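Open the model in your viewer and turn on the cartoon display. Keep the selection tool at hand.

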Amino acid sequence: MTSPTRPGVPYPTLGSILGDEEVRAVADVLLSRERLSQGSWRRRFEEAFRAYTGAAHALTVTSGTVALRLAIQLLDLRAGDEVVVTPQTYQATAQPLLDYPATVRFCDIDPNSLNVDVNRLAELVNQRTKAVIIVHYGGLPADMAAIRELSQRHDFVIIEDCAHALGAEYLGERPGVLGDIGCFSFHSTKNITTLGEGGMLTLNRDDWAERITRLRNNECDAVYRPAAPDLPKVPRAMFDGLAHSSECVGVRAAGTNATLSEPAAAVGLVQLRKLAALTEARRRVAAQLDEALAAHPGVRLQLAPDGVRHSYHLYTMFVRPEQGIVRDRVVERLVQLGVDVWLRYFPVHLLPEWRNRGSGLGDCPVAERCWFEEQINLPCHPAFGDVDVKTMVAALGDALDYGTRS
Ligand SMILES: Cc1ncc(COP(=O)(O)O)c(C=O)c1O
């Protein structure tokens with residue numbers, strides 16, 4: 001993965017490893033002369049994903065963003081409803097909520113996991129809470145036992161943003177079934193990819209699966225019942241519609257086309273088979289980094305609790321400002337030394353659209369402290385070898401000296 005033109009460790013904009021099998025999968029689809037949309041590869045990828053996660057339904061869409069948008073659409077949010085969301089995530093997690101009149105509350109995070117702080121969450125949820133949207137940040141599963149317990153007590157829906165969490169495990173279960181709806185991304189940077197863009201929803205409720213199936217297929221999000229007796233009869237074989245033979249008794253919203261193409265689904269199927277090996281390789285890189293950094297007094301590590309398996313979409317470490325270490329100087333030096341650092345993610349509650357809705361500095365002090373002063377995401381990729389790890393560790397040694405206030 002190291003760039004041949006530039007020494008150092010680049011940030012992997014392709015998070016997976018693609019090879020002959022993926023090329024063959026695309027060629028098989030193209031040469032099959034079968035349809036390139038809504039065909040057997042999509043069905044097989046969804047079936048394999050369903051089996052992998054243990055969900056009753058797995059439904060492909062075109063991105064993680066679309067998966068989240070559709071999941072939020074299922075909530076039928078109205079004025080007076082409340083939704084709680086983590087601020088430490090990519091903007092796509094919360095952005096669909098801007099379309100609804102519901103009140104959005106950002107829940108501060110735990111300074112180790114960067115996932116929602118369940119004590120703070122317990123203070124925020126109430127009988128108006130319709131949903132809590134959590135992220136398994138970087139691939140480290142959130143404290144789902146506590147979140148589920150709150151969900152049972154207050155009857156809210158748990159939406160899991162699993163964009164980072166494919167390959168992770170939580171007490172023997174996999175992300176996607178730890179809440180009520182799971183939303184996955186197969187973007188280029190993610191742990192597996194479906195040709196650069198793609199997403200998946202996992203869920204157990206049949207009625208929600210039916211709504212998502214219609215929504216992603218350009219049918220309305222509506223209440224349907226069988227038969228429209230007043231329409232002239234056309235033989236079924238002459239058209240392909242699902243809804244044509246139904247009567248619509250209430251439109252909630254328009255649908256969209258979010259169909260994952262057949263070549264993308266075929267690649268997803270191959271990538272899913274490789275997931276275990278890809279995750280193991282990421283975990284090996286992370287373990288090497290952890291071991292090398294553990295003794296440094298200026299650093300703290302992101303540690304997974306017992307029974308929780310981190311998928312290391314992101315490798316996150318923290319500097320200790322109380323030891324006089326200035327994070328921004330450390331990053332500046334790392335970049336000078338050829339170690340690309342992309343900090344993930346600017347706290348969502350401080351984005352202009354959310355400030356415009358009343359959020360602001362001080363709302364989530366832990367998320368703000370971690371982001372502005374402590375966290376660093378080092379490059380992590382399954383193809384990294386000892387040389388990449390050694391390069392990063394050496395650069396960090398230098399950068400931590402450089403970043404220490406004298
Ligand atoms: C936490 C999180 N949620 C959602 C998304 C959106 O996924 P996609 O890029 O597939 O739309 C991303 C992608 O970066 C993400 O990191």
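The stops below go from the whole chain to its domains and then to the ligand.

**Whole chain.** Begin with everything selected, and bear in mind that this is a predicted model. Colour by secondary structure: the protein chain has 11 helices and 14 strands. The radius of gyration of the protein chain is 23 Å, close to the 22 Å that the globule rule gives for 406 residues, so the chain is as compact as a globular protein of that length. Turn the C-alpha trace along its principal axes and the spans are about 85 × 55 × 35 Å.

**Inside the chain.** How much of the protein chain counts as buried? The share is 46% of the 406 residues. Now look at contacts between residues with a separation of 6 or more: 74% of them join residues 24 or more positions apart.

**Two domains.** Select residues 20–263 and give them one colour; the domain assignment calls this domain 1. Select 275–402 next, which is domain 2. The centres of the two domains, taken over C-alpha atoms, are 28 Å apart. Where they touch, domain 1 contributes 30 residues and domain 2 contributes 28 residues. On the domain 1 side of this contact there are 16 nonpolar, 10 polar and 4 charged residues.

**The ligand.** Last, select the ligand and show what lies around it. Which residues are the closest? They are Ser63, Gly64, Thr65, Ala163 and Ser185, out of 14 residues that surround the ligand. Colour this shell by class to find 4 nonpolar, 9 polar and 1 charged residues.

How values were computed
Residues are numbered from 1 along each chain as its sequence is written. This is a predicted model: local features need pLDDT of at least 70, side-chain atom pairs count only at pLDDT 80 or more; totals for chains, interfaces and linings use all residues. Domain bounds come from an automatic or database domain assignment. Two residues are in contact if their C-beta atoms, placed from the backbone, lie within 7 Å. Ala, Val, Leu, Ile, Met, Phe, Trp, Tyr, Cys and Pro count as nonpolar, Asp, Glu, Lys and Arg as charged, and the others, Gly among them, as polar. A residue is near a molecule or strand if its C-beta atom, placed from the backbone, lies within 6 Å of it. Helices (H or I, at least four residues) and strands (E, at least two) are DSSP runs, numbered from the N terminus. The radius of gyration is taken over C-alpha atoms; the globule rule is 2.2 Å times the number of residues to the power 0.38. A residue is buried if 20 or more other C-beta atoms lie within 10 Å of its own, exposed if 12 or fewer, and partly exposed in between; C-beta atoms are placed from the backbone.
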